[in-house]
Amino acid sequence: MTRRSRLPDAIYGFPESESQSRRLALELGVPHRAIGVHRFPDGETRITVAPPAENAIVYRSLDRPNEKLVELLLAASALRDQGARRLTLLAPYMAYMRQDAAFQDGEAVSQRAIGAWLGRAFDRVVTVNPHLHRTPSIAEIFPGAEAIAADAAPALAAHIAALGLADAVLVGPDEESAALVHAVGALAKRPLLIGRKVRQGDRGVDIEIDGIARIVNAPVVIVDDIVSSGATFMTCARLLKRAGAARILGLVVHALYSPESAQGMQNAGVETIASTDTVPHPSNAIPLALTLAGALRRRP
Ligand code: R5P
């Protein structure tokens with residue numbers, strides 16, 4: 001079997017991330033097909049996926065996920081109805097990974113519920129740096145489907161090298177960022193510090209960083225997998241500024257934050273944030289088409 005014949009027959013992209021899905025199709029050398037999305041006045045959606053393919057990738061990042069999830073299942077159903085035998089969901093940002101336990105009585109374990117749902121609809125799920133804190137392996141999340149987690153660390157490290165900040169210190173704001181920050185630090189050959197975070201609510205956190213004196217007069221790059229409300233970045237930046245950082249920059253895999261949060265982070269002292277394009281966002285500076293194409297070629 002040739003390498004080409006093992007790749008998907010086509011990549012189907014939703015409108016909001018069409019430039020990313022087209023770039024990936026180009027990188028892999030397979031056709032790109034745009035998914036039609038029509039929203040009726042009553043809030044329901046008609047999804048059109050054509051022409052069919054036996055082995056198809058559906059590309060959709062699952063930020064602001066609720067409506068997108070339903071549309072995704074409609075797309076999968078349309079492809080199956082037309083004879084698809086192998087369906088891959090390529091969701092560069094995978095939603096609902098952080099609620100991996102019932103922290104209070106009665107709470108849904110969203111990671112398990114959404115994972116089971118997607119695992120039934122798709123044969124394979126590909127994502128980038130899923131937020132797995134207490135779940136040891138991504139394979140557990142999507143029962144019945146193969147699961148692949150592509151790693152953005154090499155692309156983040158390359159971005160640091162391109163910035164040329166030879167004396168920069170990397171800072172991970174909490175234990176949950178530690179694996180990513182260690183991987184980026186090793187590849188970029190930069191020293192690093194990892195903080196300890198206590199969350200006080202959706203928009204409030206406390207952070208402590210042992211050995212923070214290391215950053216006095218040095219440029220600092222805060223590295224994290226997700227920025228959502230921006231509270232983690234704001235608190236971390238204020239702490240670093242008070243401790244004497246020369247400059248504070250940010251590097252993020254999944255940028256989910258609003259313009260108001262961007263302003264808040266800037267006010268807290270963050271000069272600029274560069275994110276990957278897993279979620280279409282004004283901060284996108286690091287395209288991951290090569291990373292995703294590499295993951296798909298390795299395990300077609
Ligand atoms: C979890 O702790 C993650 O690594 C991020 O630090 C977190 O999701 C960021 O959320 P926020 O921007 O709302 O503080």
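In this predicted model, helix α3 and helix α4 pass each other in a left-handed crossing. Two packed helices are described by the angle between their axes and the distance between the axes. For α3, which spans residues 65-81, and α4, which spans residues 110-121, the angle is about 20° and the axes are 10 Å apart. Angles under 35 degrees count as roughly parallel, and α3 and α4 are therefore roughly parallel to each other. On the side of α3 the contact involves L69, L72, L73, A76 and R80, and these meet I114, W117, L118 and A121 of α4. Sorted by character, the residues of this contact comprise 8 nonpolar, no polar and 1 charged.

The next pair to follow along the chain is α5 with α6. Helix α5 covers residues 153-163 and helix α6 covers residues 178-188, and they pack at an angle of about 50° with their axes 8 Å apart. That angle makes α5 oblique to α6, and the crossing of the two is right-handed. From α5 the residues A153, P154, L156, A157 and I160 make the contact, and from α6 the residues L180, A183, V184, L187 and A188 do so. The residues of the contact of α5 with α6 divide into 10 nonpolar, with no polar and no charged ones.

A further pair is formed by helix α7, residues 231-243, and helix α8, residues 259-267, whose axes come within 8 Å and cross at roughly 10°. With such an angle, α7 is roughly parallel to α8. Here F233, M234 and K241 of α7 meet S261, G264, M265 and N267 of α8, and the residues of this contact divide into 3 nonpolar, 3 polar and 1 charged.

Turning from the helices to the backbone, two loops deserve a look. In the loop between β4, residues 45-48, and β5, residues 55-59, lies P51, and the peptide bond leading from A50 to P51 is cis, with omega near -10°. The loop between β5 and α3 holds R64, a residue that has a positive phi of about 40° although it is not a glycine.

Finally, there are the aromatic rings to consider. How many aromatic pairs does the structure hold? The number is 0, where a pair would require ring centres within 6.5 Å. An arginine is nevertheless placed over a ring: R60 lies over the face of F14, at 3.7 Å from the ring centre.

How values were computed. Residues are numbered from 1 along each chain as its sequence is written. This is a predicted model: local features need pLDDT of at least 70, side-chain atom pairs count only at pLDDT 80 or more; totals for chains, interfaces and linings use all residues. Side-chain values use heavy atoms; hydrogens and water are left out. Rings of Phe, Tyr and Trp (its six-membered ring) pair if their centres lie within 6.5 Å; planes under 30 degrees apart count as stacked, over 60 as edge-to-face and the rest as tilted. A charge sits over a ring if NZ of Lys or CZ of Arg is within 6 Å of the ring centre and within 35 degrees of the ring normal. Axes are lines fitted to C-alpha atoms, for helices over the stretch in contact, and angles run from 0 to 180 degrees between N-to-C directions. Helices (H or I, at least four residues) and strands (E, at least two) are DSSP runs, numbered from the N terminus. Angles under 35 degrees count as roughly parallel, over 145 as roughly antiparallel, 65 to 115 as roughly perpendicular and the rest as oblique. A crossing is left-handed if the near helix is turned anticlockwise from the far one by less than a right angle, and right-handed if clockwise. Contact means heavy atoms within 4.5 Å. Ala, Val, Leu, Ile, Met, Phe, Trp, Tyr, Cys and Pro count as nonpolar, Asp, Glu, Lys and Arg as charged, and the others, Gly among them, as polar.
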